[in-house]
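Biologist: Got a minute to go through this one with me? I'd like to talk about the side-chain contacts.

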Amino acid sequence: MDITDRKAMRALAHPLRIRLLELVGTQGPITAARCSEYVGESPANCSFHLRTLAEHGYIERAPGATGRNRPWQITDVTQNLDRNKVDPDAQTTAVALGDMLQQWEFERMRAGRHLPVPETWKGHLFEAGSTLFLTPEEADTLNEHYQRLIAPFLDRITDPALRPEGSAPVRVFMATTLAHDLIQEGGES
C-alpha cells in the first residue's frame, strides 16, 4: 500500500493507530474489544481509531462478520511512504508522518533493549548499520532486494497456520537516508 493521500497520512500519524494497525495485521481478524486488551485503552476508544483507519483504507471489516463485535482485518501487510512521490502540497504531511513512524520504530527498539531476551532468541537478534556510497539506481536495487528478502515471510503475518513452531513476532525496519553530514557543500561527497 503506497501512502500518498494527505488525509490518509494524517490518519496514520497517531501512536495508537500505528499500534492498532500492527495488531490488526498480526492478530486479526480482531475486534476493538480484543485490541483494547493489548493496548490498554477502552474498547470505545479503540473502535473510534479503528474506524478512522478503515476510512482511509488501512483496514476493513472481516467478511461474514455480523453483530456488535465485528472483527477488523488488514487490507495490505505493507505500507510504503515516499515523500518524493506525494503531491507537493502533501510534502509537509509526509515528512511529519515519516518522523512519527521513525520515532515509533526507534522507541520500540529502545524499549526492547531493556527487556530480557528469551534464551532461544539470544544470539539471533541484531542491529546493523552501514554508510554506503550508492547511486539512486543502486538504492532502488537495495530496496528491491529487501522486498524480495521479506516476501516469503509476509503470508505468516495474516495466517497464523503458516507460522512455524517457535516463531515470534520480530520487527524488521529498513530505511535509506542521505548522510547529509558527510556531503560536502556543492557536491555529493
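Modeller: Sure, starting with rings: two of them, from Phe, Tyr or Trp, pair if their centres lie within 6.5 Å, and planes over 60 degrees apart count as edge-to-face. Keep in mind that this is a predicted model.

Biologist: OK, how many aromatic pairs does the count come to by this rule?

Modeller: One aromatic pair. Phe 106 and Phe 173 have ring centres 5.6 Å apart, and with their planes at 75° the pair is edge-to-face, because that angle is over 60 degrees.

Biologist: Which parts of the chain does the pair link?

Modeller: Distant ones: Phe 106 is in helix H5, while Phe 173 is in the segment after helix H7 (155-158), 67 residues apart.

Biologist: And is Phe 106 buried or exposed?

Modeller: In between. Phe 106 is partly exposed at 36% relative accessible area, and Phe 173 counts as partly exposed too, at 33%.

Biologist: Switching to charges, what sits over the ring of Trp 72?

Modeller: That's the charged end of Arg 61, 3.7 Å from the ring centre.

Biologist: How many salt bridges does the count come to?

Modeller: Eight. One of them joins Glu 22 to Arg 19, where the closest N and O atoms are 3.3 Å apart. Both residues are in helix H2 (residues 15-27), and because they are three residues apart there, about one helical turn separates them.

Biologist: Is Glu 22 buried or exposed?

Modeller: Glu 22 is buried, with a relative accessible area of 16%. Arg 19 is partly exposed at 28%.

Biologist: Which Arg side chain meets Glu 22 at 2.9 Å, N to O?

Modeller: Arg 108, again in a salt bridge. Glu 22 lies in helix H2 and Arg 108 in helix H5, so this pair ties together parts 86 residues apart in sequence. Arg 108 is partly exposed, at 33%.

Biologist: Which residues do salt bridges with shared partners join into one network?

Modeller: Arg 19, Glu 22, Glu 105, Arg 108 and Arg 171.

Biologist: What does the side chain of Arg 113 meet in a salt bridge?

Modeller: Glu 127, at 2.8 Å from N to O. Arg 113 is in helix H5 and Glu 127 in the loop between H5 and helix H6 (136-150), 14 residues apart. Glu 127 counts as exposed, at 56% relative accessibility.

Biologist: Last thing, which element has the lowest mean pLDDT?

Modeller: Helix H5 (residues 91-113), with 87, whereas helix H4 (residues 43-55) has the highest, 96. For the protein the mean is 88, and 97% of its residues reach 70 or more.

Note on methods:
Residues numbered from 1 in each chain as written. Predicted model: local features only at pLDDT ≥ 70, side-chain atom pairs only at ≥ 80, totals over all residues. Heavy atoms only, no water. pLDDT = per-residue confidence, 0-100. Helix = DSSP H or I, 4+ residues; strand = E, 2+ residues; numbered from the N terminus. Phe/Tyr/Trp six-rings, centres within 6.5 Å; stacked < 30°, edge-to-face > 60°. Buried < 20%, exposed > 50% of the residue type's maximum accessible area, 1.4 Å probe, protein only. Lys NZ or Arg CZ within 6 Å of the ring centre and 35° of its normal. Salt bridge = Lys/Arg side-chain N within 4 Å of Asp/Glu carboxyl O.
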